[in-house]
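Trainee: Before I use the terms of this annotation, I should like to know what stands behind each of them.
Mentor: Then let us set each value against its definition.

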Amino acid sequence: MDATEEKLRTRVMYLRWQLEGTSQAHPERAARLAELTGALLRFFTRTGEIQALREAVTTGRTAVALTAADRPEYSRYVGELRQLLLLLFENTTDLDPRRLEQAVRWSRPLPGEPAPDSDAAAGLAELAAAFRREFDQTDDLPTLRDAVATARSAVAAVRPDDPLRDSYRADLASLLWLLAGREGEPAALDEAVRILREPANPRDARPQLLSLVLKRKYELTGDVQALREAVDVARSAVREDSARAKANLADELRMLSERTSDLAMAREAVGLARAAAEEVRETEPDWAEIQSILAASLTNLAARTGNGLTLDEAVREAGKAANATSPFHPDYLARVNVLHRALTVQYAKSADPPLLDRIVAVARDLAGTAPADHPDRGRYLAYLSGALREVFLSRRENRVEDLRDSVEFARQAVKSTAPNHPDRAAILFGLGDVLSLFYARTRDSSALREYTRVNSALAKMTGTSAGRRIAAAQRAASADLRLGRVRHAVELVGLATELLPQLGFRDVDRADREHRVSAAHRLPATAAAAAIAAGRPGYAVELLEQTRGIVFSGTLDTREDAAELRRAAPGLLPEFEELRDRINDADHEIAAASFGEPPSRELAARREALSRQWDDLLERIRQHPDLTGFQRPTPITELCRHANKGPIVSVVADESRAYALIVRNDPADPVHVEELPPAVTRDSVLDKAEVFRQARSVALDLNQPSRARREAQPRMLEILAWIWENITEPVLRRLEYTEPPAPDKPWPRVWWCPVGVVTMLPLHAAGRHGSAEGTDSLLDRVVSSYTPSIRALAYARRPGPETTSALVVSVPEAPESPPLTGAAEEADLFREFIPTATIRPAADAPVRRENVVELLREHGIVHFACHGYADLNNPSASRLLLPDHTTDPLTLHAITRLKLNGAQLAYLSACSTTETNQEQADEATHLTAAFQLAGYRNVVGTLWPINDQAALKAARAFYEALTSGGTKPPDPDAAAPALHHAVRTMRAGKPALPSRWAAYLHSGA
């Protein structure tokens, strides 16, 4: 390097440094850009470095954009930019210099210069093509915008009868398609669609281009109809000799199958992509793109079928496509993104550490390659943050450096994402996740404060789903409580509570509702803890009623919002139902779109508008004198009336403390708060519940050695003693139930309403058991019942006809389940105490789901002696195993749809009828609650399988008490005391074997 070159390089570096210190609004910025442009031009002239010339074009273009046309220096800046463009294209193309000079002048006209005439069209079209080739090399967005502007000038200049007019217009449409993808904005696509719908030569590639434009419209707006039309157009464009058209159709089918979960469509996409890949050679320009489409199609199919070989092929093909693409190619990021998706799916299946290392490398490539102005840069940074988070979680060393890097990349992802970008909510949520881990690892309070800020911002984002906003509000409120910011925590749980009705609409499929409300599974405990910390225990109970049992209450006719409107303000009902349906649809679209798929700005904007409309509608509804409390918590003064038969106790365990909220029938002092011992926290409850579950599983597993089964029973008793000492005994002490009732006194009753993780504990069986003596247990002090909520208890006690006709459904054998030898004996026992009972099966009446449902409508009491199945992944699919359960199952969902008048008692002598998963704990999505929701005032259920002989003993003791030894008709209102008597009887015989007697519980009135 000679001295002149060194001097020029130093000058360029100094001017760059000076420009970095100049604000965007500085009056001298354009002048300094022009000075840097001149220095770069001189450096290029000296060295011939093409990158210096490209940088000079960029700075010169910016100087022109910042300068008003009436400024004296404007003409000079434009002239310099013309000169730079000429130099650039003279060095990178073989265009005719004179024609190029004229086209450049027409593309950058000065005030007063003549507009391009019809003879200019060809030159402008050539220049637009040159701009496009330059963009293909550099991925420079301003260059692409120049290409679009120049192509528009060509279209404006061309004569109507010019045979190339259609070609120029198609070129403009193609550039608009590119521009929409590069900017992440759909505005340019409408113009492209209009152009491509015009009549043209039927043999040109216009249908294929129209299909691509419509596909991009779907990518940017979420418009499924546009994607369906793209598929239709692409089908018409497929020709036997056109590999590119087949690949395009395959890609669109893949997208549509992802949106509709259509497996056949996913398979068709793979077939078409394979056919296209077989028709091109590696040397052909379309090869890498077609390989990438094949990889994306294979990944989609493998994600649905779980086929490992298909997934391996997807990763191989995606790697080939990425390796064959230059990092400067406009499609490089898209192809590497396909590889990232394939690797992520493969890692989710195998958790193979080398795969994770490769995912990190690919994510670094995406984040490092994407320009600062790329619309997907934030997403790529979020990929990298998530990969490093997984490294931290999966490696034994748990290096805090990995977590620190994950936090930093997540912060960069947020900064790189516009406030209205549809990915922003997911990226904020990801930042919250890694901040939570970072705080847990380092106890850095600044991370906790940032965690609160991030989640508070997300909770207020009206453009995302209600479920995500609710989860963010809960997270922020929980952190606020740890920081002592009680008032802000109460505000956030209030916001979340206002959003909850959007999750539990009656017309949404129950399984879909269950999935949605799982986003709020930690809200009730946090809401109650916030209200208690604020010194408002009554409000805590009100919030629990509003935040628990959303699916349950959403189905009750008596609590249905539409019913309230129909009664008090029928004129608002159509608007309410229409808006409700539109919100349901939008949230379903948001939930269906997996993170990492192309963003939908239109969907985010639509959801934001719907949120505003919802708030406005609620305000108008509440202006009605009879609807001031519409979708607001029921006042505690009304709730406490339902404690008239005994106290209702909600037990709440948050991150650092636990409480019992004791509701009594006293409007002047309705709620007492009992702070539980420090040993009770959310984590400790989960630990104890898991120990109990494992011990129970061993005790019941006949394949385990007898010694292991025996040793599991004391572990169960230890947990029952812990529950007694730390939860139930403090409550009874507060209630002054310190001894068993006197022989001539009725047993007091307590309704337990556990919250969140506490539902995983068998509260009703708590105590120091193990011997026939002793009274330190719930069974020796009170009769315990459960209720999902106070509203559910009120529903169970609603007035109605009383029918005591009885039915027993006995299923000794059912497909795909072991024989139940005691089922027939239970039917005989039932008839012993209730001789008038209807018994099924009978000689001429086999047990079928359809018949059973009809019989339930005719009888007030039902006893099921059959197997039950609790589906913890999809609670709505939990079912009683009738003989036709494989073809026509009596599922939880089907049971909840029954509306049974006069239903009094359901005894479910079946396995695990009250078992559910942690995320659904506050929703009571189990078979016991389903029968209560169907209309039964009293339901007896079990928490785990019971052997035949124990089940028979329990049923005998229960019905003996219910019928006074068979001397009286059954009294359903005595169900809870009868079960209490039965369990005490069983415990007396085997006090050291809780697996035999502790599973039974009563729910309801």
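The exchange below takes up pockets, cavities, a helix and some backbone angles.

Mentor: This is a predicted model, in which local features need pLDDT of at least 70 and side-chain atom pairs count only at pLDDT 80 or more, while totals for chains, interfaces and linings use all residues. Residues are numbered from 1 along each chain as its sequence is written, and side-chain values use heavy atoms, with hydrogens and water left out.

Trainee: What makes a space a pocket, and what makes it a cavity?
Mentor: On a 1 Å grid over the protein atoms alone, a cavity is a set of points where a 1.4 Å probe fits but cannot get out, whereas a pocket is an open set with protein on both sides within 12 Å along at least five of seven lines; lining residues have an atom within 4 Å of a point. Grid points are joined across faces, edges and corners, and a volume is the space filled by probe spheres set on the points. The second largest pocket holds about 790 Å³ of space. Its lining has 30 residues, and those closest to the centre are L700, D701, P945, I946 and N947.

Trainee: Which elements each supply at least two residues of that pocket's lining?
Mentor: They include α32 (682-700), α33 (706-735) and α39 (948-962). Helices (H or I, at least four residues) and strands (E, at least two) are DSSP runs, numbered from the N terminus.

Trainee: How many cavities of 30 Å³ or more are found in the whole structure, and what lines the largest cavity?
Mentor: The search finds six, and the largest cavity has about 160 Å³ of space. Its lining consists of 16 residues, with H764, L779, S784, H980 and Y1000 nearest the centre. Helix α40 gives the largest share of this lining, four residues.

Trainee: How is the lining of the largest cavity divided by class?
Mentor: Ala, Val, Leu, Ile, Met, Phe, Trp, Tyr, Cys and Pro count as nonpolar, Asp, Glu, Lys and Arg as charged, and the others, Gly among them, as polar. On that basis the largest cavity has 12 nonpolar, four polar and no charged lining residues. For the second largest pocket the classes are 14 nonpolar, nine polar and seven charged.

Trainee: What span is expected of helix α13 (residues 263-278)?
Mentor: The expected span is 1.5 Å times one less than the number of residues. Helix α13 has 16 residues and reaches 23 Å from its first C-alpha to its last, close to the expected 22 Å. At its N-terminal end D262 acts as a cap, a side-chain oxygen lying 3.0 Å from the backbone nitrogen of A264.

Trainee: Why is A563 called partly exposed?
Mentor: Buried means under 20% relative accessible area, exposed over 50%, and partly exposed in between (1.4 Å probe, protein chains only). A563 is partly exposed because its relative accessible area is 23%. This residue is found in helix α28 (residues 561-568). In α13, by contrast, the buried residues include M265, V270 and L272.

Trainee: What is notable about the backbone at A351 and S964?
Mentor: Most residues other than glycine have a negative phi, and most peptide bonds are trans. A351 has a positive phi of about 55°, and S964 one of about 50°. A351 lies in the loop between α16 (332-350) and α17 (353-369), and S964 in the loop between α39 and α40.

Trainee: Which residues does a cis peptide bond join?
Mentor: R840 and P841, with omega about 15°.

Definitions and conventions. A polar contact is a pair of N or O atoms within 3.5 Å; within protein, one must be able to donate a hydrogen and the other to accept it, and residues adjacent in sequence count only if both atoms are side-chain atoms.
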